[in-house]
Amino acid sequence: MAMPRRRHNWYHRLRRLSPVIFASSCALLLLFSLLSFFAPPPIELDHRRSHQHQHHHPPSKVSDGVDNGAAATVSFRVPKSGGKLQRDIWSSRNSGFYYGCSNASTKFARAAAITQPNRYLMIATSGGLNQQRTGITDAVVAARILNATLVVPKLDQKSFWKDASDFSEIFDVDWFISSLTNDVKVIKQLPKKGGKPWSFRSMRVPRKCSERCYHIRVLPVLLKRHVVQLSKFDYRLSNKLDTGLQKLRCRVNYHALKFTNPIRKMGDKLVKRMRMRSKNFIALHLRFEPDMLAFSGCYYGGGEKEIKELGAIRKRWKTLHITNPDRARRQGKCPLTPEELGLILRALGYGSDVHIYVASGEIYGGEETLAPLKALFPNFHTKETLASKKELEPFSSFSSRMAALDFIVCDESDVFVTNNNGNMARILAGRRRYFGHKPTIRPNAKKLYRLFSAKTNMTWEAFASKVRSYQRGFMGEPMEVRPGRGEFHENPSSCICEDSEAKAKRDSRPRKLGKGKDTPAKDEDVVADDQNINEDPEWSDLDDEDNGDALQESSLFNGTLLDYDAASEEPELEDILSD
């Protein structure tokens with residue numbers, strides 16, 4: 001009877017303990033639930049783990065011979081000098097053999113012969129200054145396709161940019177109209193019909209709309225209503241048009257669109273002040289604003305603070321999907337940091353004595369983020385350091401006018417560098433090609449990301465050699481990009497002509513191997529092929545006729561603000577950080 005009695009005692013003891021065990025289990029479950037609720041999502045944890053050692057490296061120090069960190073296995077010393085290269089760092093090698101050519105052919109009919117009466121096209125542009133510039137350029141071509149009279153386009157005044165400027169306050173409207181007299185009839189405002197304003201039909205065309213698309217979608221409405229307004233007009237015209245229309249695009253963008261006298265005078269004054277400081281200078285279009293970084297979904301090693309701050313901004317866009325930061329960086333979609341840009345420039349031969357003009361908005365991290373770039377290039381300038389508050393007062397309350405000043409300085413610079421592929425970067429790249437192929441450096445982010453992660457384990461010489469190798473085809477040389485590839489505003493190949501006579505004369509001269517300006521060296525820029533255009537289908541332009549919130553930006557993104565759809569109050573993704 002002893003054994004059954006013992007089992008009976010154990011049974012009663014377990015019954016008495018069961019409430020305690022149950023309560024403990026519930027407490028543990030509650031604790032685990034709270035931990036999992038407050039813990040960041042897995043993507044952010046992976047994000048942090050992978051990038052703490054990949055991207056959040058200590059800032060490089062400029063040195064004449066002192067190692068950057070005693071713990072480094074290999075000495076990574078950033079020299080103050082840019083070194084001696086076998087190329088002129090302030091010019092493109094073959095620029096003398098190509099020139100911009102956009103004159104109309106004799107077969108291109110004059111506007112007076114083709115413009116139909118009572119056929120008016122109105123345009124409502126979208127986005128910041130440079131996004132609107134693409135819309136204005138394409139609006140002229142659209143009017144030509146429809147044989148319509150163009151009413152001077154309306155600028156976007158309702159978006160998040162909150163700039164109340166109209167066309168005549170940014171661009172010289174009289175010059176715009178007169179310079180296009182032979183191509184398209186342009187009027188300042190819609191005439192009245194029987195003493196009353198015309199009624200018009202507002203509509204939107206798909207992105208990359210072709211000539212046939214305009215004839216099918218817009219022309220029937222125009223014939224019926226006589227006045228049509230195309231809204232959200234940016235990138236609404238195909239890249240592939242006949243040569244006559246492509247050349248018209250260039251005449252508009254590079255000749256008809258001139259800033260107003262006050263903007264031009266102030267911009268020229270800034271350029272003159274840069275030239276007083278140095279014969280040559282670099283202009284850097286730096287996009288590193290909190291909004292843009294949040295939109296990119298990239299991580300820069302700022303820990304919980306960065307994840308929390310940028311994550312809160314990112315929640316503004318309900319349609320943004322969760323991104324993998326490692327994948328985005330591998331694909332070259334993460335804008336390079338100011339320090340990384342400084343290291344690229346040093347590796348490409350620009351020493352610490354070089355003067356840099358920086359066009360940027362609010363930099364995430366402020367002076368702490370800019371410190372490594374300023375250490376590499378102490379001669380650091382902005383429009384605010386070159387001009388007084390009184391001089392900038394007429395422009396400072398208008399984001400597009402301030403952006404126009406940066407545009408002028410960047411356009412006139414000897415070398416233009418960008419860490420993004422937004423509208424200003426694209427338009428300036430195309431413009432600099434058209435006007436003499438001035439050096440335009442686009443970092444090859446896809447290849448450079450691994451190099452930056454491993455730089456502490458290599459010598460400066462090896463790092464610089466790799467940078468020069470990876471940047472071949474990304475330096476603004478003629479024929480870097482095959483004709484027809486990429487956005488036309490970035491690669492206006494139909495408007496670039498070759499001086500075959502001058503080229504043949506050069507080729508006929510005897511040259512010694514390894515000598516002369518035209519001989520490619522191991523670490524110099526060479527003409528590259530289609531790899532130079534970032535055409536990721538995930539980020540390609542989509543037809544958004546029925547979806548106003550479709551993703552449209554082809555890569556990354558002048559100004560710090562976002563562009564909101566006036567009706568929905570949610571930012572349209574094709575406009576976000578577009579300039």
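Here's a walk through the fold, starting with the whole chain and then moving to its parallel sheet strands.

First, keep in mind that this is a predicted model. The protein chain has 579 residues, of which 53% count as buried. Its secondary structure adds up to 22 helices and 14 strands. On the outside, the chain exposes about 27300 Å², with carbon and sulfur atoms supplying 55% of that area.

Let's begin with the open sheet. Five strands build it, in the order 4-3-2-8-7, and the pairing is parallel. At the edges sit strand 4 (186-187) and strand 7 (201-203), each of which pairs on one side only. Further in, strand 2 (residues 120-125) runs parallel to strand 8 (residues 227-233), and five bridges join the two. If you want a spot to click on, try Thr125, whose bridge partner in strand 8 is Phe233. Now look for helix 4 (residues 129-145): it lies across strand 2, strand 3 (149-151) and strand 8. Relative to strand 2, helix 4 runs at about 165 degrees.

Next stop is strand 9 (residues 281-286), which has strand 12 as a parallel partner over four bridges. Strand 9 also pairs with strand 10 (residues 355-360), again in the parallel sense, this time over six bridges. On the strand 10 side, Phe281 has His355 as its bridge partner. On the strand 12 side, Ile282 stands opposite Val415, and Leu284 stands opposite Val417.

How many of the six residues of strand 9 are buried? Six of the six are, so to speak, under cover. In a regular strand, side chains alternate between the two faces of the sheet. Strand 9 can be read that way: Phe281, Ala283 and His285 point one way, Ile282, Leu284 and Leu286 point the other way, and all are buried.

Strand 12 (residues 415-418) is covered on both faces too. Val415 and Val417 are buried on one side, while Phe416 and Thr418 are buried on the other. Besides strand 9, strand 12 pairs with strand 13 (residues 440-441), in the parallel sense and over two bridges. There, Phe416 stands opposite Thr440.

Finally, trace the chain from strand 12 to strand 13. Helix 19 (residues 423-434) joins these two strands in a β-α-β unit, and that unit is right-handed.

How values were computed
Residues numbered from 1 in each chain as written. Predicted model: local features only at pLDDT ≥ 70, side-chain atom pairs only at ≥ 80, totals over all residues. Heavy atoms only, no water. Pairing = 2+ DSSP bridges. Contact = heavy atoms within 4.5 Å. Axes fitted to C-alpha atoms, helices over the stretch in contact; angles between N-to-C directions. Buried < 20%, exposed > 50% of the residue type's maximum accessible area, 1.4 Å probe, protein only. Right-handed = clockwise from strand over helix to strand, strands pointing away. Areas by Shrake-Rupley, 256 points an atom, 1.4 Å probe, with all protein chains shown as cover.
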